[in-house]
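Dear colleague,

Please find below the structure that I am handing over to you, with its sequence. My findings on the ligand site and on the charged pairs follow it.

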Amino acid sequence: MCGIVGYIGDKDILSLLIDGLKRLEYRGYDSAGVALCGKDFYLMKTKGRISLLEEKIKNSYTNGNYSIGIGQTRWATHGPPSDINAHPHFDCKKEIIVVHNGIIENYDEIKKDLIKRGHIFQSETDTEVIPHLIEEFYNGDIFEATIKAVKLLKGSFALAIFSKRESDKLVAVRKESPLIIGLGKNETFLASDIPALLPHTKSVVILKDGEIALLKKDSVKVVNLQGEDVEIETMEINWSIEQAEKKGYKHFMLKEIMEQGDILKDTLRGRIKNGEVLLSEIKDVEFLKNVKNIHIVACGTAYHAGLIGKYILTDILDIPIKCDVASEFRYENPNINKDSLVILVSQSGETADTIASLRLAKNLGAKTLGVVNVNGSTIFRESDEVLQIYAGPEIAVASTKAYVAQILTLLLFSIFIGKIKGVVHKDFEEYIVREIERVPELVSKVLQENEKPKEISQKIVNLDNAFYIGRLLDYPTALEGALKLKEISYLHAEGYPAGELKHGPLALIEEKVPTFAISTDERVFEKMQSNIKEVKARKGKVFSIVREDFKGIIEESDESILIPKTHMYTSPIIAVVPLQLIAYYTADLRGLDVDKPRNLAKSVTVEWGERNGSWSDSFRWTR
Ligand code: F6R
């Protein structure tokens, strides 16, 4: 994943592009570059972070006459990070300038062909074929030439392009990688994601797959791949600029953890009233009444939220509920049909495997429900039904606030569908709504008590391994706690169903391998107590994240962080908070780049390598 930005207008283009790139740096940060054009032309690109690009610019930039500019922050896929492989890329005459997010799958074929036709390539990237291919068609109209070239490209991509000969135009292309146009007064912006646009405008056009836009400073024209005009839909963003800034916190991750109490209030707003769950966004209530099975599909942290949804729905409903990681779901026989509901959980709404699962589900006739943060994202737009989680912009690569908002949304949905199916009765609904209403305050309370997580971080910072265990509703929390720790602190951590310990992992427990025991599910707290004893008997240290009234667990543990007593459906939202803090403080104590962990980018919008087709393709081959 990479971040791209573009601008046409009269402001200081260079500082605008650099600011935009910084706001997108979470999307990739191994190289960066910008190109500006007007009467003058300036291009600078480098391996390394945007800060290095700024230094190089300081030593080389002189004011000039510029009317357009594009920039990119890269996450290498084809060709390692280097000055040459950094974007922008250009054609033989250095006239057509391109930045790209995504993968061109047939670049090798195109490149060989272009080389035969005399083109000379500088880099090892897939991107560089694009300006050379456009060059083949270019006779003074960059928009027309791009339309012709794009038809020959396979893969997923978002592009920003200009020609030095037409310095009043930017061309933007979207195919399976997000791209948003920002509309200003006598200025037009382009960016891969909303945070880059927030300081300038809230009025946006979200390009759809296969759309190509011609941007001028006072107009936008959009066509499809056939070159036919497409009607432009403008929408207003309701995120504020403050939400996308650090507000004095050392890292975005800490800020995003700390704001979770407020975020949860936003998730709830308008959805509970007089002891009732109201999801007025759901259009086809009749379908829910008759739905025969539910599949939750997601990746990473969103998958862990999905697992909690699965446990709650399984508890409430009497139909089969499954939860799968999207990269598996999309290639197996999903066993879904027109009576199935497939719930896609995704913060970004742009994760490639989750999108593929959504499309597969639709092809097989299932009803789809997106549980999404980003308004206007692909999953938001393509799902039959959408529940937005209202977590605001999440910038840190490690997801925190979106996770709690996803769980809360899935919980609301579980109660809602339970009611429709006649299995959640008024008394229970009123009771659970009271518990749900307490959640934002309880999360804020746990956040205020952040000394204990800090102390525990100091105890594990120099260790190499950790286990996280839980049962039933606490099991996904164990998985999520382990994922948070490993992805930002690089300390090896495994999440396990506590009952599985004795089937293998117990062999690894010793003094220097701590276990985090999560225990809030009242159905199994005695079982957890036995599991903790098993660990203690192998001299393992136990840090428990435990409901305040589970005395037995507290007594068995070396140290405990107490979670206020609440219903087991709401506990996972609260219990994950200290685990997020422990991961954060451990990574920070280790001096790591918490917001941008190595080898990871915020959302995985492309699938690396050639596509092998989805289950529906293989189905046709095998039967
Ligand atoms: C981990 C993390 C990832 C994402 C996953 C799905 O902290 O952030 O595991 O949860 O890549 O991303 P979305 O939710 O955007 O589909």
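In this predicted model, a polar backbone atom of Q347 lies 2.6 Å from an oxygen atom of the ligand. The backbone of S399 also takes part, with a polar atom 2.9 Å from a ligand oxygen. E487 contributes through its side chain instead, where an N or O atom is 2.5 Å from an oxygen atom of the ligand. On its own the ligand would expose 410 Å², and the protein buries 90% of that area.

As to location, the ligand occupies the largest pocket. Two elements each give two or more residues to the surrounding shell, namely α9 (300-316) and α16 (475-489). The largest share, three residues, is that of α9.

There are 13 residues around the ligand, and those that come nearest are S346, Q347, S348, T351 and E487. By character, the shell comprises seven polar, four nonpolar and two charged residues.

Turning to charged pairs, side chains of opposite charge can pair when their charged atoms come close. The whole structure contains 47 salt bridges. One of them joins K596 to E25, with 3.6 Å between the closest N and O atoms. K596 belongs to the loop between α19 (571-589) and α20 (615-622), whereas E25 belongs to the loop between α1 (13-23) and β2 (31-38), so this pair ties together parts that are 571 residues apart in sequence.

Yours sincerely

Terms used:
Residues are numbered from 1 along each chain as its sequence is written. This is a predicted model: local features need pLDDT of at least 70, side-chain atom pairs count only at pLDDT 80 or more; totals for chains, interfaces and linings use all residues. Side-chain values use heavy atoms; hydrogens and water are left out. A residue is near a molecule or strand if one of its heavy atoms lies within 4 Å of it. A polar contact is a pair of N or O atoms within 3.5 Å; within protein, one must be able to donate a hydrogen and the other to accept it, and residues adjacent in sequence count only if both atoms are side-chain atoms. Accessible areas come from the Shrake-Rupley method with a 1.4 Å probe; for residues, only the protein chains shown count as cover. On a 1 Å grid over the protein atoms alone, a cavity is a set of points where a 1.4 Å probe fits but cannot get out, and a pocket is an open set with protein on both sides within 12 Å along at least five of seven lines; lining residues have an atom within 4 Å of a point. A molecule sits in a cavity or pocket if more than half of its atoms lie within 2 Å of its grid points. Helices (H or I, at least four residues) and strands (E, at least two) are DSSP runs, numbered from the N terminus. Ala, Val, Leu, Ile, Met, Phe, Trp, Tyr, Cys and Pro count as nonpolar, Asp, Glu, Lys and Arg as charged, and the others, Gly among them, as polar. A salt bridge is a side-chain nitrogen of Lys or Arg within 4 Å of a carboxyl oxygen of Asp or Glu.
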